[in-house]
Amino acid sequence: MAKYLLLKHYRGAPAAVNDVPMDQWTPEEITAHVQYMNDFAARLEKSGEFVDGQALAPEGSWVRYDGEGRPPVTDGPFAETKDLIAGWMVIDVDSHERAVELAGELSAAPGAGGKPIHEWLEVRPFLTAPPTITE
Amino acid sequence: MDEALVRSLTPSVLAILVRRGADFAAAEDAVQDALIEAVRVWPADRPRDPKGWLVTVAWRRFLDATRADAARRRREDLVDEEPAPGPAPAVDDTLQLYFLCAHPSLTPSSAVALTLRAVGGLTTRQIAQAYLVPEATMAQRISRAKRTVSGVQFDRPGDVATVLRVLYLVFNEGYSGDIDLAAEAIRLTRQLAATIDHPEVAGLLALMLLHHARRATRTAADGSLVPLAGQDRSRWDTASIAEGVEILQAALARDRLGEFQAQAAIAALHADAPTAEETDWVQIVEWYDELVRLTDSPVVRLNRAVAVGEADGPRAGLAALAALNDSLPRHAAVAAYLHERDGDLTTAARLYAEAAQKAPNLAERDHLTRQAARLNTGRGR
């Protein structure tokens with residue numbers, strides 16, 4: 001009973017093994033990929049391990065406070081190297097092993113040539129409320 | 001309507017239905033229907049025998065739901081065999097229900113959810129809120145759990161240890177939202193203790209009461225962690241402590257020591273000390289020795305190292321710690337504390353910062369970061 005965030009990256013993670021950009025896939029391969037992701041989420045809903053999941057747009061900005069009375073600073077158009085999160089899923093599972101197992105399954109989503117893309121996913125535990133017993 | 005009364009009746013009503021031959025999942029649905037009906041009807045017309053009322057309504061609901069011909073014939077046979085209505089003690093039945101909900105074929109989270117629903121009488125929504133998951137997720141978890149145990153025979157005694165583990169898991173979640181899971185765990189353990197005579201059930205109940213008595217002082221108003229030594233002991237719940245100690249002493253007198261009794265003994269020694277300085281660390285170390293013998297758990301050895309550090313000085317504590325793998329949770333935090341007491345503030349600060357990185361929850365991380373900051377900013381400025 002611990003919550004984990006599964007993070008999918010556009011950029012910033014190591015390259016996938018089957019690393020072909022999605023616009024080079026056939027439409028059928030894209031459909032198969034999307035279907036796999038939907039099936040994965042549906043299966044987790046059935047097993048009672050699904051908490052939430054969303055896809056994120058690729059356009060994101062770094063924003064920073066720039067002092068009293070001034071508008072916040074943004075990182076501007078030169079952001080090609082920054083890490084970008086493509087989407088996330090929150091799961092609630094019995095163990096870290098189970099979280100890793102599920103991330104492994106998600107990473108096996110089919111890509112170009114119908115083969116698994118072997119992309120890298122980040123698995124991060126939530127920092128929770130403290131348990132009743134701490135001493 | 002008296003919600004506490006209804007919830008305390010839920011497990012025995014459910015158990016009676018299952019005992020009469022109802023499938024577990026169907027019986028559970030029928031009992032939930034009966035509870036909803038009770039909420040509707042009781043405020044205006046409260047029955048003289050609430051339990052009998054619930055059994056009657058739930059059983060009727062169950063029969064309605066299983067009206068298919070073949071099923072009906074089978075159920076009617078069962079009704080024929082059923083004993084005449086009357087005051088049913090049903091003590092054993094409730095116990096069976098605890099065993100069923102903690103069945104080894106269930107994952108820990110399923111067992112916890114099913115126990116809260118079937119034995120605790122909580123709604124799916126309440127359980128989902130307590131565990132911060134969507135209601136649909138919790139509903140799936142519970143219905144899977146029900147399917148898993150549906151074929152399990154209801155007449156074989158289960159393992160008390162599995163039940164205690166599940167109740168302890170519920171207790172440890174503390175509380176979030178409307179439902180106080182720690183209080184709920186105490187209620188269920190109390191109910192179990194009234195049903196079964198077992199020193200470890202008493203041990204767990206005592207442990208929960210002793211920890212619960214100190215809960216309010218464990219965090220400050222801003223949510224930050226207050227370590228045991230800094231807690232305001234005048235705010236500890238003395239009635240709860242007294243009850244825990246009494247239950248524990250009766251259990252220990254039976255000379256069948258188990259890990260929950262040993263843990264409760266340690267908690268009792270903390271609760272007994274008028275000040276942190278007067279804590280009987282020597283006796284606490286002895287109880288940790290018992291615990292190591294009973295569980296051989298590395299986490300227990302780690303806690304023992306803390307106690308040794310208090311009883312025999314930080315060097316002895318560090319020596320005990322040296323035998324342990326430093327990948328253990330909270331290893332760095334313990335090492336930091338012992339190094340600080342030994343006067344090595346540089347090492348302590350570094351280890352506090354390292355421990356903060358590995359902390360499993362926010363309050364603990366903030367606490368450890370503050371410890372590191374305290375040492376880092378206190379020196380050389």
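**A buried histidine, a one-sided helix and a pocket**

In this predicted model, His367(B) counts as buried because its relative accessibility is 15%, and the cut-off for a buried residue is under 20%. This histidine is found in helix H19 of chain B, which covers residues 362-378. Leaving aside residues up to four places away in sequence, His367(B) touches Leu225(B) and Pro227(B).

Helix H19 of chain B also holds Gly378(B), and here the picture changes. Gly378(B) has a relative accessibility of 61%, so this glycine counts as exposed; the cut-off for that label is over 50%. Between the C-alpha atoms of Gly378(B) and Leu345(B) there are 9.8 Å, while 33 residues separate the two along the chain.

It helps to place these residues in chain B as a whole. The chain contains 19 helices and 2 strands, and its C-alpha atoms fill a box of roughly 85 × 45 × 40 Å along the principal axes. Of its 381 residues, 50% are buried. Among the contacts in chain B with a separation of 6 or more, 62% join residues 24 or more positions apart.

Chain A offers a helix to look at next. Helix H2 of chain A runs over residues 96-107 and has 12 residues. From its first C-alpha to its last it reaches 16 Å, close to the 16 Å expected at 1.5 Å a residue. Its buried residues are Ala99(A), Leu102(A), Ala103(A), Leu106(A) and Ser107(A). They lie on the same side of H2(A), because they cover an arc of only 140 degrees around the axis. What do the buried residues of H2(A) pack against? Their partners are S1, H1, S5 and strand S6 (121-125) of chain A.

Some of these elements return in the second largest pocket, which holds about 900 Å³ of space. Strand S1 (2-11), helix H1 (27-47), strand S2 (50-55) and strand S5 (84-93) of chain A each supply at least two residues of its lining. That lining consists of 33 residues, and those nearest the pocket centre are Lys8(A), His33(A), Met37(A), Ala86(A) and Glu119(A). How many residues of the lining are nonpolar, polar and charged? The lining of the second largest pocket has 21 nonpolar, 8 polar and 4 charged residues.

Note on methods. Residues numbered from 1 in each chain as written. Chains lettered and ligands numbered in written order. Predicted model: local features only at pLDDT ≥ 70, side-chain atom pairs only at ≥ 80, totals over all residues. Heavy atoms only, no water. 1 Å grid on protein atoms, 1.4 Å probe; cavity = no way out; pocket = protein on both sides within 12 Å on 5 of 7 lines; lining within 4 Å. Points joined across faces, edges and corners; volume = space filled by probe spheres on them. Helix = DSSP H or I, 4+ residues; strand = E, 2+ residues; numbered from the N terminus. Nonpolar A, V, L, I, M, F, W, Y, C, P; charged D, E, K, R; others polar. Expected span 1.5 Å × (residues − 1). Buried < 20%, exposed > 50% of the residue type's maximum accessible area, 1.4 Å probe, protein only. Arc of directions from axis to C-beta. Contact = heavy atoms within 4.5 Å.
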